[in-house]
Amino acid sequence: MDDPLNSAQPSANTRVKRDMEAVGALGRDAELMLRVRDGDDTGFTMLLERHRAPVIHFLHRMVQNQAIAEELAQEVFLRVYRSRATYEPTAKFTTWLFRIATHVALNWLRDGRKEKGQESLNQKLLDGLERQVPDSGRNIEEEMLYEGKLCEVRQAIESLPVKQRAAVLMHKYEELEYSQIAQALGCSGAAVKSLLFRAYESLRARLSHMA
Amino acid sequence: MICPILTKESAEILVDYCAGTLDPGRAAEFEKHSEECADCRRLIEAQREVWERLGGWKPGAVSPDFDSRLYARIAQEEAAPRWSQWRRFLQPAAPYSIWKPVLPLAAACAVLAIGFLIRMPNSRDGAKQVSAENVDIEQVEKTLEDLDMLTPLTVPPARPM
């Protein structure tokens, strides 16, 4: 008869070996997340430190409201923490993280926008502008010009369909690869390229004076 | 090089070139092509302008209490009784606004299904009915005649002289 202890030993070793190989391939974040899985909460603190700002910035650009972006980011990190026990390093941590962030943002935009988002675009823009340029060293005229341009950019981004918007934000600001964006959006690489091309086409039409 | 505007590759080449992520060999080839192609040059200029303008959008600073709020939520969740943690699994996966329009349709389907089950005739009775309907009267008469033919002819007893 097989000794359950001895028979369990190779599978545990195999798992550790597989995790180490995955960590080697997927990097520091996967290693930290494995530490969180094993009960080391300092790993979560380090992950939060590394990814807090990118996630909030992504969500801010998605929903165009800093307070809501922070609320959604809390939900994202809460979900990461809740899933720690079942985490498997099968993909890059950032891909997984942005998949959760995209899902949370799309849900909010689909469900919550009409009910919760009573703020007008102008209010949101003012909210953003106050936070963004506290001391830019520009004179009033330059500041107004800058604000006008920024307003155009935000409106152009907001006018994009939500999936195109998410794809552009992950591509431009988070510098994710096509395959990562595809995984985050749950579509193929070819679909991502098509989404991006259509999105940039719309942005060129709205923002570029050359188009 | 075939003009990328005319091919399906244009999206990738143009976007990657302006983002600076196109591999050096293809970038050089594309640059060479764009020197001769006015359409590509225009597209590159437009895409670069968009790229730069998007780059000007700097997001705001994160609230200093973000981490403390998050850890408070985690602690609250950890402290909650185990049964209450299951509540989130019972919440619908899709938002209410998505499944709300489906509700009347689902209710109508349920009523139809129940009605159909109640009114559905018993299959056994149906089979009997079908077999009874298939009996042909002519066939019955013929069978009775056959039976008559089979009955042995009885010779009447002879009268005593």
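## A buried threonine in chain A

T102(A) is buried in this predicted model, with a relative accessible area of 1%. Its place is in helix α5 of chain A, which runs over residues 93–116. Set aside the neighbours within four places in sequence, and T102(A) is in contact with F58(A), A166(A), M170(A), A184(A) and L185(A).

## Where the chains meet

Now for the interface. Here 48 residues of chain A are in contact with 40 residues of chain B. About 4,200 Å² is buried between the two chains, and carbon and sulfur atoms give 59% of that area. On the polar side, 20 residue pairs are in polar contact between chain A and chain B, counting pairs with both residues at pLDDT 80 or more.

Which elements of chain A give two or more residues to the side that touches chain B? They are α3 (41–63), α4 (66–82), α5, α6 (121–132), α7 (140–158), α8 (162–172) and α10 (189–207). Of these, α4(A) gives the most, with 10 residues. By residue class, this side of chain A splits into 21 nonpolar, 11 polar and 16 charged.

## V50(B) and the nonpolar cores

Over in chain B, V50(B) sits in helix α3, residues 38–55. Is V50(B) buried or exposed? V50(B) is buried, because its relative accessible area is 0% and the cut-off for buried is under 20%. Beyond its neighbours within four places in sequence, V50(B) is in contact with Y200(A), L203(A), R204(A), L207(A) and S208(A). Within chain B, V50(B) and C18(B) are 32 residues apart in sequence, with their C-alpha atoms 9.7 Å apart in space.

The largest nonpolar core has 67 residues, and those with the most contacts inside it are L59(A), L203(A) and L54(B). Helix α5(A) gives the most to this core, with 10 residues. As for L54(B), its contacts outside the four-place window are V153(A), I157(A), V168(A), K172(A), Y173(A), Y200(A), L203(A) and L207(A). Apart from the largest core lies another one, of 12 residues, among them Y17(B), L22(B), F30(B) and I44(B).

## Salt bridges across the interface

A search of the whole structure turns up 19 salt bridges over all chains, and the count between chain A and chain B is nine. One of the cross-chain pairs is E77(B) with R82(A), at 2.7 Å from N to O.

Another is R69(B) with E71(A), at 3.2 Å from N to O. This pair crosses from helix α4 of chain B (residues 66–79) to helix α4 of chain A. Both partners count as partly exposed, R69(B) at 27% relative accessibility and E71(A) at 41%. E71(A) also forms a salt bridge with R73(B), where the closest N and O atoms are 4.0 Å apart. That pair, too, runs from helix α4 of chain A to helix α4 of chain B.

R73(B) is partly exposed, at 26% relative accessible area, and its side chain also meets that of E75(A) in a salt bridge of 3.3 Å, N to O. E75(A) lies in helix α4 of chain A and R73(B) in helix α4 of chain B, so this pair joins two chains. At 19% relative accessibility, E75(A) counts as buried. Put the shared partners together and you get one network of salt bridges, joining E70(A), E71(A), E75(A), R79(A), R82(A), D65(B), R69(B), R73(B) and E77(B).

Technical notes: Residues are numbered from 1 along each chain as its sequence is written. Chains are lettered from A and ligands numbered from 1 in the order in which they are written. This is a predicted model: local features need pLDDT of at least 70, side-chain atom pairs count only at pLDDT 80 or more; totals for chains, interfaces and linings use all residues. Side-chain values use heavy atoms; hydrogens and water are left out. Helices (H or I, at least four residues) and strands (E, at least two) are DSSP runs, numbered from the N terminus. Buried means under 20% relative accessible area, exposed over 50%, partly exposed in between (1.4 Å probe, protein chains only). Contact means heavy atoms within 4.5 Å. Buried area is the accessible area (1.4 Å probe) that two parts lose on being put together, summed over both. A polar contact is a pair of N or O atoms within 3.5 Å; within protein, one must be able to donate a hydrogen and the other to accept it, and residues adjacent in sequence count only if both atoms are side-chain atoms. Ala, Val, Leu, Ile, Met, Phe, Trp, Tyr, Cys and Pro count as nonpolar, Asp, Glu, Lys and Arg as charged, and the others, Gly among them, as polar. A nonpolar core is a set of buried Ala, Val, Leu, Ile, Met, Phe, Trp, Tyr and Cys residues joined through side-chain atoms within 4.5 Å.
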